[in-house]
Amino acid sequence: MLTIQNYINGQFTPPLGGKYIDNIAPATGEVYGKIPDSGPEDVETAVQAAAAAFPAWAAMPLEQRHDILRGISDGILTNLDRLAEAESMDSGKTITTARTVDIPRAALNFKFFATALLHFASESHAMPGALSYTLRQPIGVVGGISPWNLPLYLFTWKIAPALAAGNCVVGKPSEVTPYSAYLLGEICTAAGLPPGVLNIVHGLGPSAGEAIVRHPLVKAVSFTGSTRAGAEIARIAAPMFKKLSLELGGKNPNLIFADCDYEKMLQTTVASSFNNQGQICLCGSRIYVERPLYERFKTDFVAQVQAMRVGDPADPGSRLGAVVSKLHFDKVLSYIELAKQEGGRILCGGHALQLPGRLAGGYYLAPTVIEGLSLDCRTNQEEIFGPVVTIQPFDTDDEALALANGSPYGLSATVWTNNLRRTQRLSAELQAGIVWVNCWLLRDLRTPFGGVKQSGVGREGGWEAMRFFTEVKNVTLGE
Ligand code: NAD
């Protein structure tokens, strides 16, 4: 039985209250470990350690800070197999996804921001008789709270820029997927990260998470997770005037036009619908297809989806693994039932899968495609975040745009067309923080990342992240 501990002031420490939560493997439904059920007292210890470490970390020469962060990146790659197994075990994602996507990207996050800190610069403004320059100083102690779908990938996406900018961090990974963050503590120590610079507190959102948000010494919070929790965090943090970056839910549209490169579109749309069991905030879950292409797309798409193998996440041959938890499994199934009640036709999937042997208690779902639903039904308005998509034909560009924008969310949108004028118009008018044209999930870490509407506020990535994690001060020098 694996017992995870908090990582505070460079030490693995048990929760002060002595309470633990079961850690369950989604592949089998069995408890395989315990994680700290930390409370405000653990967060207090972590914040104090971070505050004590801050002056020396902020004053460290940039090259030295770079070397340590680069060392963490290397350490993640050295431990790739171990981390990938931990990630797959915790989340039910396939070992192939963990090995080729999650863990390499976590290493890249550190490598990217280790380099960014060497190049980060601020502005100066000259006028007759005066020169103003901008200081971008580290904020101090900052909080990072992350979800279960891309555990180490998203946890490090916050931690790396925060540390690069000279802050000390109190981070909380999802209580559903704590294992890889636990291993990260060990890697940070081995890379020479001074005690207290990064503190990892495990536990539930309303207790450990909220304690981070409420703590007066935590001056900025970067959060990725549900819109519901994001709203709660904003409610707590706003009167304390904390800096907030909120990366929240999505209900992303794919607009597929008849002039697209069909094969590339088809393969990518299968991936954008079902990679990681549809549990990526950027997955397209509402697929709109220009009518002349609709029947052909429907036939080919459903055939490909039916051919995908759902299996043991530990088996490199599995295309889909388990969804993350029993709670989430029940939620996704309830949306499939709702879709039927709302008049949807299930073209494939629509049910749970019972796998044999030790996997019998796991949370497996058949990838599901539904048609015949209107835009305003709940299935098309609410985030399901599982292996479920809806498809629908459209006739004109205006109709496609209205369908795409007819959602409370605005994270990303994907457009498949070879028409340049249409591309430019739709890219400008789509209500989304990210538009992919003839591609999906192509990530350049320098680009701004984030959503509009109920998908959040603020941008991550590149200089946006370095700016978020610094406080700006203008200095004007007179003659
Ligand atoms: P969640 O909101 O339940 O939890 C996310 C994290 O917040 C966890 O660590 C949780 O413990 C913590 N938390 C929950 N309530 C809290 C509170 N009141 N105060 C402080 N912390 C709290 O989300 P989840 O179920 O883990 O993740 C799935 C959601 O994340 C989906 O909505 C998905 O779209 C979203 N997501 C968004 C992005 C993005 O970049 N926009 C990326 C990945 C996932």
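**View 1. Ser 226 and its neighbour Gly 225 meet oxygen atoms of the ligand.** In this predicted model, a polar atom in the side chain of Ser 226 lies 2.6 Å from a ligand oxygen atom. For Gly 225, look at the backbone instead: one of its N or O atoms lies 3.3 Å from an oxygen atom of the ligand.

**View 2. Leu 248 meets a nitrogen atom of the ligand.** Here again the backbone makes the contact, with an N or O atom of Leu 248 lying 2.7 Å from that nitrogen. Now think about how much of the ligand is covered: on its own, the ligand would expose 850 Å², and the protein buries 92% of that.

**View 3. The shell around the ligand holds 30 residues.** Those that come nearest are Lys 172, Glu 175, Ser 226, Leu 248 and Glu 383. If you sort the shell by residue type, you find 13 nonpolar, ten polar and seven charged residues.

**View 4. Helices and a strand help to build the shell.** At least two shell residues come from each of α7 (205-214), β11 (218-224) and α8 (227-237). Helix α8 gives the largest share, with four residues.

**View 5. The ligand lies between two domains.** Domain 1 (2-248 + 455-478) gives residues to the shell, and domain 2 (252-444) does too, so the ligand lies between them. Step back to see the space that the ligand takes up: this is the largest pocket.

Note on methods:
Residues are numbered from 1 along each chain as its sequence is written. This is a predicted model: local features need pLDDT of at least 70, side-chain atom pairs count only at pLDDT 80 or more; totals for chains, interfaces and linings use all residues. Side-chain values use heavy atoms; hydrogens and water are left out. A residue is near a molecule or strand if one of its heavy atoms lies within 4 Å of it. A polar contact is a pair of N or O atoms within 3.5 Å; within protein, one must be able to donate a hydrogen and the other to accept it, and residues adjacent in sequence count only if both atoms are side-chain atoms. Accessible areas come from the Shrake-Rupley method with a 1.4 Å probe; for residues, only the protein chains shown count as cover. On a 1 Å grid over the protein atoms alone, a cavity is a set of points where a 1.4 Å probe fits but cannot get out, and a pocket is an open set with protein on both sides within 12 Å along at least five of seven lines; lining residues have an atom within 4 Å of a point. A molecule sits in a cavity or pocket if more than half of its atoms lie within 2 Å of its grid points. Ala, Val, Leu, Ile, Met, Phe, Trp, Tyr, Cys and Pro count as nonpolar, Asp, Glu, Lys and Arg as charged, and the others, Gly among them, as polar. Domain bounds come from an automatic or database domain assignment.
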